[in-house]
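Me: I'd like to learn how the labels used for a protein model are earned. Could you take me through the reasoning one step at a time?

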Amino acid sequence: MVKTWAQTLELVADPQKIAEYREYHARVWPEVLRALQAVGVLQMKIYLLGTRLFMYMETVDDFEPTRDFARHMEIEPKCVEWGEKMRTYQCRVPEAKEGEWWAYMEEVFDLAAQHEAAFGKKITPPK
């Protein structure tokens, strides 16, 4: 089984900074990629609309964000440097809870779960 996560954050409203952020994410440092995989991140995608970022992440079942994101920083010191650099481009969303940087989003719809509940079987590709 896989856990899914959705988070949001803002970028600083500066076209140059947004361009730099995009450039960094086009070539994420290998140490960061290895550390994320080591703590159980299976997939991560970040989308951008204006200044709003949306991150979709899939992890192993026992992934716990507070513990495991801290652990990925311990595994690889370059992750600390990456995080500090990325924060210069980012700012919290107003909806973020106390202490949250990336704000966790509530899932309000799951097609696969509703399909299985309605029809008693998993969704399959059309023929």
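**How the labels are earned**

Reply: Happy to! Keep in mind that this is a predicted model. We can begin with a helix, H2: its face turned away from the buried side carries the exposed residues Arg34 and Gln37.

Me: Which residues of H2 are the buried ones, and what makes them lie on the same side?

Reply: Helix H2 covers residues 30-38, and its buried residues are Val32, Ala35 and Leu36. Around the axis they cover an arc of only 100°, so they sit on the same side of H2. These buried residues pack against strand E2 (41-49), helix H3 (65-75) and helix H4 (77-87). Just after H2 comes glycine 40, with a positive phi of about 105°.

Me: Good, glycine 40 is a name to remember. Why is threonine 59 called buried?

Reply: Buried means under 20% relative accessible area. Threonine 59 has 0% relative accessibility, so it counts as buried. You can find threonine 59 in strand E3, residues 52-60.

Me: What is threonine 59 in contact with, beyond its neighbours within four places in sequence?

Reply: Threonine 59 is in contact with Val2, Lys3, Trp5, Gly40, Val41 and Leu42. So there is your Gly40 again, among the contacts of threonine 59!

Me: What makes the link between the side chains of threonine 59 and tryptophan 5 a polar contact?

Reply: A polar contact is a pair of N or O atoms within 3.5 Å, where one must be able to donate a hydrogen and the other to accept it. The side chains of threonine 59 and tryptophan 5 make such a contact at 2.9 Å, so the distance fits the cut-off of 3.5 Å.

Me: Now for charges. How do you know that arginine 52 and glutamate 10 meet in a salt bridge?

Reply: Side chains of opposite charge can pair when their charged atoms come close. The cut-off is a side-chain nitrogen of Lys or Arg within 4 Å of a carboxyl oxygen of Asp or Glu. For arginine 52 and glutamate 10 the N to O distance is 2.5 Å, so the pair qualifies under the 4 Å limit. The pair links distant parts of the chain, 42 residues apart: arginine 52 is in strand E3 and glutamate 10 in strand E1 (residues 2-11).

Me: Are these two partners buried or exposed?

Reply: Glutamate 10 has a relative accessible area of 15%, so it is buried. Arginine 52, with 30%, is partly exposed, because that label covers values between 20% and 50%.

Me: Which other salt bridge does arginine 52 make, and why does the pair count as one?

Reply: The side chain of arginine 52 also meets that of glutamate 95, at 3.9 Å from N to O. That value fits the limit too, because the nitrogen has to be within 4 Å of the oxygen. Glutamate 95 lies in the loop between strand E4 (90-91) and strand E5 (103-104), 43 residues apart from arginine 52. At 55% relative accessibility, glutamate 95 counts as exposed, because exposed means over 50%.

Me: How about arginine 67 and aspartate 68?

Reply: Their side chains meet in a salt bridge as well, at 2.8 Å from N to O. Arginine 67 is partly exposed, with a relative accessible area of 42%, whereas aspartate 68 is buried at 1%. As for sharing, salt bridges with common partners join Glu10, Arg52 and Glu95 into one network. The structure holds six salt bridges.

Me: Why is glutamate 98 called exposed?

Reply: The label exposed needs a relative accessible area over 50%. Glutamate 98 has 81%, so it is exposed. Glutamate 98 is found in the loop between E4 and E5.

Me: Which residues form a nonpolar patch on the surface?

Reply: The patch is formed by Val108, Phe109, Leu111 and Ile123, with about 430 Å² of accessible area together. Isoleucine 123 lies in the segment after helix H5 (111-119). At 40% relative accessibility it counts as partly exposed, and it can belong to a patch because patch residues need over 30%.

Me: And how many helices and strands does the chain have?

Reply: The chain has five helices and five strands. From the N terminus on, they run β-α-α-β-β-α-α-β-β-α. Buried residues make up 28% of the 127 residues in the chain.

Key: Residues are numbered from 1 along each chain as its sequence is written. This is a predicted model: local features need pLDDT of at least 70, side-chain atom pairs count only at pLDDT 80 or more; totals for chains, interfaces and linings use all residues. Side-chain values use heavy atoms; hydrogens and water are left out. Buried means under 20% relative accessible area, exposed over 50%, partly exposed in between (1.4 Å probe, protein chains only). Helices (H or I, at least four residues) and strands (E, at least two) are DSSP runs, numbered from the N terminus. The arc is that of the directions from the helix axis to the C-beta atoms. Contact means heavy atoms within 4.5 Å. Patches are made of residues with over 30% relative accessible area and no salt bridge: like charges are joined within 9 Å, nonpolar side chains (Val, Leu, Ile, Met, Phe, Trp, Tyr) within 5 Å. Accessible areas come from the Shrake-Rupley method with a 1.4 Å probe; for residues, only the protein chains shown count as cover.
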